[in-house]
Amino acid sequence: MAEPESITSPAPAIMPRIIALLSSLLQRVAEANDIAAGRFADDRWNNSVFHGLTRPAISVRCYLERIFRYANCSPSCFVVAYIYLDRFAQRQPLFPITSFNVHRLLITSVLVSAKFMDDM
């Protein structure tokens, strides 16, 4: 029988480096946009269905690890998902990636990239 620790946290050797890199990038972007959003009291940025009422309790890194573990996506899906998020951020400057929407945008971009990359 496996130990509970091995079920809840994957071994570092199994988890691709792209997960750590992507989570670090997205965390920094979300934090920077949170700070910028605090400076503008005039509701300059739009909220959408992706914008949560509260910040999720799970970190971006844990969320990405969870997606990797259970979604059976290839590591290349995560690269393409980041490209989608980057393009989205460039084309929608009034809808920044913040800690209130990063998880929802992330799962959506991973789903779309998995459909594009892994489905046959």
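Is Cys73 buried or exposed? Cys73 is buried, because its relative accessible area is 9%, and this residue serves as the entry point to a briefing on a structure that is a predicted model. The structure holds zero disulfides, the count of salt bridges comes to one, and there are two aromatic pairs. The largest nonpolar core has 21 residues, and the elements that give two or more residues to this core are H2, H3, H4 and helix H5, which covers 102-117.

**Cysteines**

- The structure holds zero disulfides, and Cys73 is accordingly in none, the nearest cysteine sulfur being that of Cys77 at 4.7 Å.
- Seen from the other partner, the sulfur of Cys77 has its closest cysteine sulfur in Cys73, and because the separation is 4.7 Å, the two are too far apart for a bond; the cut-off for a disulfide is a pair of sulfur atoms within 2.5 Å.
- Cys77 counts as buried because its relative accessible area is 0%, and Cys73 is likewise buried, with a value of 9%.

**Salt bridge**

- Side chains of opposite charge can pair when their charged atoms come close.
- In this model one salt bridge is counted, and it is formed by Arg61 with Glu65, whose closest N and O atoms are 3.1 Å apart.
- Both partners lie in helix H3, which spans residues 60-71, and they are four residues apart, about one turn of the helix.
- The surroundings of the two partners can be stated separately: Arg61 has a relative accessibility of 41% and therefore counts as partly exposed, whereas Glu65 is buried, with a relative accessible area of 15%.

**Aromatic pairs**

- A pair of aromatic rings is described by the distance of the centres and the angle of the planes.
- The structure holds two aromatic pairs, and one of them joins Phe68 and Phe78 in a tilted arrangement, with 6.0 Å from centre to centre and 50° between the planes.
- This pair links distant parts of the chain, since Phe68 belongs to helix H3 and Phe78 to helix H4 (residues 75-91), with their positions ten residues apart in the numbering; both Phe68 and Phe78 are buried.
- Phe88 and Phe95 form an edge-to-face pair, because their ring centres are 5.3 Å apart and their planes stand at 85°.
- Within that edge-to-face pair, Phe88 is partly exposed, with a relative accessible area of 27%, while Phe95 is buried, with a relative accessible area of 10%.

**Nonpolar core**

- In soluble globular proteins, nonpolar side chains tend to be buried together.
- In the largest nonpolar core, which has 21 residues, those with the most contacts inside it are Leu26, Leu64, Phe78, Leu106 and Val110, and the elements giving two or more residues to this core are H2, H3, H4 and H5.
- When residues up to four places away in sequence are not counted, Leu106 touches Leu26, Val60, Tyr63, Leu64 and Leu85.

**His103 in helix H5**

- His103 is found in helix H5 and is buried, because its relative accessible area is 9%.
- With residues up to four places away in sequence set aside, His103 touches Pro56, Ile58, Ser59, Val60 and Tyr63.

**Asp34 and Ile35 in helix H2**

- Asp34 has its place in helix H2 and is buried, with a relative accessible area of 19%, which qualifies because the cut-off for buried is under 20%.
- Apart from neighbours within four places in sequence, Asp34 is in contact with Arg55, Thr98 and Ser99.
- Ile35 also lies in helix H2, which covers residues 17-39, but Ile35 is exposed, with a relative accessible area of 52%.
- Ile35 and Thr98 are 63 residues apart along the chain, and their C-alpha atoms are separated by 9.3 Å.

**Asn72 in the loop between H3 and H4**

- Asn72 is found in the loop between H3 and H4, and its phi is near 55°, a positive value in a residue other than glycine.
- Asn72 counts as exposed because its relative accessibility is 66%.

Terms used:
Residues are numbered from 1 along each chain as its sequence is written. This is a predicted model: local features need pLDDT of at least 70, side-chain atom pairs count only at pLDDT 80 or more; totals for chains, interfaces and linings use all residues. Side-chain values use heavy atoms; hydrogens and water are left out. A salt bridge is a side-chain nitrogen of Lys or Arg within 4 Å of a carboxyl oxygen of Asp or Glu. Buried means under 20% relative accessible area, exposed over 50%, partly exposed in between (1.4 Å probe, protein chains only). Rings of Phe, Tyr and Trp (its six-membered ring) pair if their centres lie within 6.5 Å; planes under 30 degrees apart count as stacked, over 60 as edge-to-face and the rest as tilted. Contact means heavy atoms within 4.5 Å. A nonpolar core is a set of buried Ala, Val, Leu, Ile, Met, Phe, Trp, Tyr and Cys residues joined through side-chain atoms within 4.5 Å.
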